[in-house]
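Here is a short briefing to read alongside the model. Have the viewer open, and follow the points topic by topic.

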Amino acid sequence: MAASLWRAVTGMSDDPPDYDGVEFWSNPERTGWLTKQGEYIKTWRRRWFVLKQGKLFWFKDSAVTRASRPRGVVPVASCLTVKGAEDVLNKPNAFELSTRSDTMYFIADSEKEKEDWINSIGRSIVQHSRSVTDSEIVDYDNNNNNNKR
């Protein structure tokens with residue numbers, strides 16, 4: 001009884017969230033440890049990252065299974081740039097991922113890891129933003145047609 005009450009209060013359920021059907025535990029495009037700056041409290045925390053199907057997930061540990069719950073997820077289609085950020089943070093192997101409204105900062109364990117993450121995320125941004133742009137164009141065309149007299 002107490003557990004179901006807790007789920008009702010917190011909005012948590014026994015059913016895992018769908019994450020748009022992305023099976024983050026199976027055959028990811030890239031995985032690895034990165035140190036990430038917190039969104040609200042700007043402390044640095046080491047997290048296990050998984051990039052798959054246009055989503056960047058992070059977890060507390062690397063033993064990711066179907067039952068794992070991501071600590072967060074970024075849809076890379078909403079990202080505009082991924083680039084080195086050593087100058088901004090004054091830390092080696094740092095990079096940033098930017099959306100229209102926010103910038104997230106990460107630190108890789110090596111220069112190679114940093115470059116590999118930038119390349120993988122960059123490729124994912126290009127692949128997944130193209131489909132978003134295409135659907136927006138269709139929407140704009142439909143709106144324009146409706147406005148013609």
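Phe49 and Trp117 are both buried. Their rings have centres 6.5 Å apart and planes at 75°, so the pair counts as edge-to-face, since planes over 60 degrees apart fall in that class. This contact bridges distant parts of the chain, with Phe49 in strand β2 and Trp117 in helix α3 (residues 111-147), 68 residues apart. Please keep in mind that this is a predicted model.

**Around the rings**

- Trp117 has a further partner: the charged end of Arg30 sits over its ring, 5.6 Å from the centre.
- In total, the structure holds 10 aromatic pairs.
- Another of these pairs is Phe24 with Phe59, whose ring centres are 5.3 Å apart; their planes meet at 50°, so this pair is tilted.
- Phe24 lies in the loop between α1 (2-10) and β1, while Phe59 belongs to strand β3, so to speak a link between distant parts of the chain, 35 residues apart.
- Are Phe24 and Phe59 buried or exposed? Phe24 has a relative accessible area of 3% and Phe59 has 2%; both are buried because the cut-off for that class is under 20%.
- Phe24 and Phe59 also belong to one aromatic cluster, together with Tyr19, Trp25 and Phe57.

**The sheet**

- Which order do the strands take in the sheet? The 7 strands run β4-β3-β2-β1-β7-β6-β5 in an open sheet, and the pairing is antiparallel.
- At the edges are β4 (72-75) and β5 (79-84), each of which pairs on one side only.
- From one strand to the next, the twist averages 30°.
- As a general point, strands of a sheet pair through backbone hydrogen bonds, either parallel or antiparallel.

**Strand by strand**

- Strand β1 (residues 30-37) and strand β2 (residues 44-52) are antiparallel and joined by 8 bridges.
- The connection from β1 to β2 is a hairpin of 6 residues.
- Within this pairing, Thr31 stands opposite Val50 of β2.
- On the next step across the sheet, β2 and β3 are antiparallel too, with 5 bridges.
- Here Val50 stands opposite Phe57 in β3, and Phe57 is one of the residues in the aromatic cluster.
- The hairpin of β2 and β3 has 2 residues between the strands, and Gln53 in this hairpin takes a positive phi near 50°.
- Strand β3 (residues 55-59) is joined to β4 by 4 bridges, again antiparallel.
- Phe57 has Val73 as its bridge partner in β4.

**The whole chain**

- How many helices and strands does the protein have? There are 3 helices and 7 strands.
- Along the sequence they follow the pattern α-β-β-β-β-β-α-β-β-α.
- Of the 149 residues in the protein, 34% are buried.
- Among contacts with a separation of 6 or more, 43% come from residues 24 or more positions apart.
- The accessible surface comes to about 9800 Å², and carbon and sulfur atoms account for 49% of that area.

Technical notes
Residues numbered from 1 in each chain as written. Predicted model: local features only at pLDDT ≥ 70, side-chain atom pairs only at ≥ 80, totals over all residues. Heavy atoms only, no water. Pairing = 2+ DSSP bridges. Axes fitted to C-alpha atoms, helices over the stretch in contact; angles between N-to-C directions. Phe/Tyr/Trp six-rings, centres within 6.5 Å; stacked < 30°, edge-to-face > 60°. Buried < 20%, exposed > 50% of the residue type's maximum accessible area, 1.4 Å probe, protein only. Lys NZ or Arg CZ within 6 Å of the ring centre and 35° of its normal. Contact = heavy atoms within 4.5 Å. Areas by Shrake-Rupley, 256 points an atom, 1.4 Å probe, with all protein chains shown as cover.
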